[in-house]
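I sat down with a new model today and kept a notebook as I clicked around. Here is the structure, so you can follow along.

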Amino acid sequence: MPKATVERIEKQKAALKSREDEAYAALKDAEDATFELEDRIARRGDRVSLEGE
Amino acid sequence: MATLAQARAWLDEANLSPNDRKAAEAEYAEKVAEGLTTAAEYRARAVDVVQAVGSIGFDRSGEARDEAKELAESIRSGRTTSADASKSLERLTAKIALAADARSRFESAAESVAEIDADPEAWVDHLYERFPIIQPNFTFLT
């Protein structure tokens, strides 16, 4: 049974997992950026309502 | 109809004449060879699936990673609204989930390849147990 095939599959498995981890890390960062943005908007909104008083 | 293991067990216990023994063992060997051919064919298909799904999954994960990085940069530089960011996040989450599903299928196919490599005869017998309709017909058992 070709050992090369098995080794190739194992390398592919590792590469897939690594790539998926990178994708999740980037997604997490984009989520954080979204929360930062929403937080800024919320604080701006609070400032505006305070200034309005 | 029987699995290879059942046929082997019967042959090991049976009291046959030399001629009948020779014929029965030849038939058994033929059915084992057919089973090993089935295992090899399945393995070849599983390897194709592994490689195709693995390749697509790898590319899709990479696309999702790059899009998520661009999105984060776009949000932080003020080019994306909160509403658009949320929509994009949803889309990317779904895309990464698809890639994760592809990886799961890849691993499943890769496991089948490993099982067949470890013991192709046992693998094909397991298939015969799960699907009795495809069990070989041993004439010496009838």
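My entries below go from ground rules to salt bridges, rings and a few single residues.

**Ground rules**

I'm working with a predicted model, where local features need pLDDT of at least 70, side-chain atom pairs count only at pLDDT 80 or more, and totals for chains, interfaces and linings use all residues. Residues are numbered from 1 along each chain as its sequence is written, chains are lettered from A and ligands numbered from 1 in the order in which they are written, and side-chain values use heavy atoms, with hydrogens and water left out.

**Salt bridges**

I started with charges, since side chains of opposite charge can pair when their charged atoms come close. How many salt bridges does the structure hold over all chains? I found 21. To count, a side-chain nitrogen of Lys or Arg must be within 4 Å of a carboxyl oxygen of Asp or Glu.

I looked up B:R76 and A:D29, whose side chains meet in a salt bridge at 3.1 Å, N to O. B:R76 lies in helix 2 of chain B and A:D29 in helix 1 (residues 3–52) of chain A, so this pair joins two chains. I took helices as DSSP runs (H or I, at least four residues), numbered from the N terminus. B:R76 is partly exposed at 40% relative accessibility, and A:D29 is partly exposed too, at 32%. My cut-offs here: buried is under 20% relative accessible area, exposed is over 50%, and partly exposed is in between (1.4 Å probe, protein chains only).

Next I checked B:E25 and B:R8, which form a salt bridge at 2.9 Å, N to O. B:E25 is in helix 2 of chain B and B:R8 in helix 1 (residues 4–13) of chain B, so the pair ties together parts that are 17 residues apart in sequence. I noted B:E25 as partly exposed at 25% and B:R8 as partly exposed at 22%.

Then I went to B:K95 and B:E67, where the closest N and O atoms are 2.9 Å apart in a salt bridge. B:K95 sits in helix 3 (residues 82–118) of chain B and B:E67 in helix 2 of chain B, so parts that are 28 residues apart in sequence get tied together. Which residues join these two in one network? I traced salt bridges with shared partners through B:R60, B:E63, B:E67, B:R91 and B:K95.

**Rings**

I counted 4 aromatic pairs over all chains. One of them is B:Y42 with B:W123, a tilted pair, 4.7 Å centre to centre with 45 degrees between the planes. B:Y42 is in helix 2 of chain B and B:W123 in helix 4 of chain B, 81 residues apart, so I've marked this as a link between distant parts of the chain. The rule I used: rings of Phe, Tyr and Trp (its six-membered ring) pair if their centres lie within 6.5 Å; planes under 30 degrees apart are stacked, over 60 edge-to-face, and the rest tilted. Buried or exposed? B:W123 is buried at 9%, whereas B:Y42 is partly exposed at 33%.

I also found a cluster, with ring pairs linking B:W10, B:Y28, B:F138 and B:F140. In this cluster, B:F138 is buried at 0%, and B:F140 is buried at 14%.

B:R8 came up again here, as it lies over the face of B:Y28, at 4.8 Å from the ring centre. A charge sits over a ring if NZ of Lys or CZ of Arg is within 6 Å of the ring centre and within 35 degrees of the ring normal. I spotted another case across chains: the charged end of A:R19 is over the ring of B:F58, 3.9 Å from its centre.

**Single residues**

I looked up A:E20 in helix 1 of chain A. A:E20 is buried, at 5% relative accessibility. What does A:E20 touch? Leaving out residues up to four places away in sequence, I listed B:S61, B:A99, B:A100 and B:R103. Contact here means heavy atoms within 4.5 Å.

B:V53 is in helix 2 (residues 18–76) of chain B and is partly exposed at 22%. I noted that B:V53 touches B:A102 and B:F106, with the same neighbours in sequence left out. The C-alpha atoms of B:V53 and B:R105 are 7.7 Å apart, though 52 residues separate them along the chain.

Last entry: B:I133 comes in the segment after helix 4 (120–130) of chain B, and is exposed at 71%.
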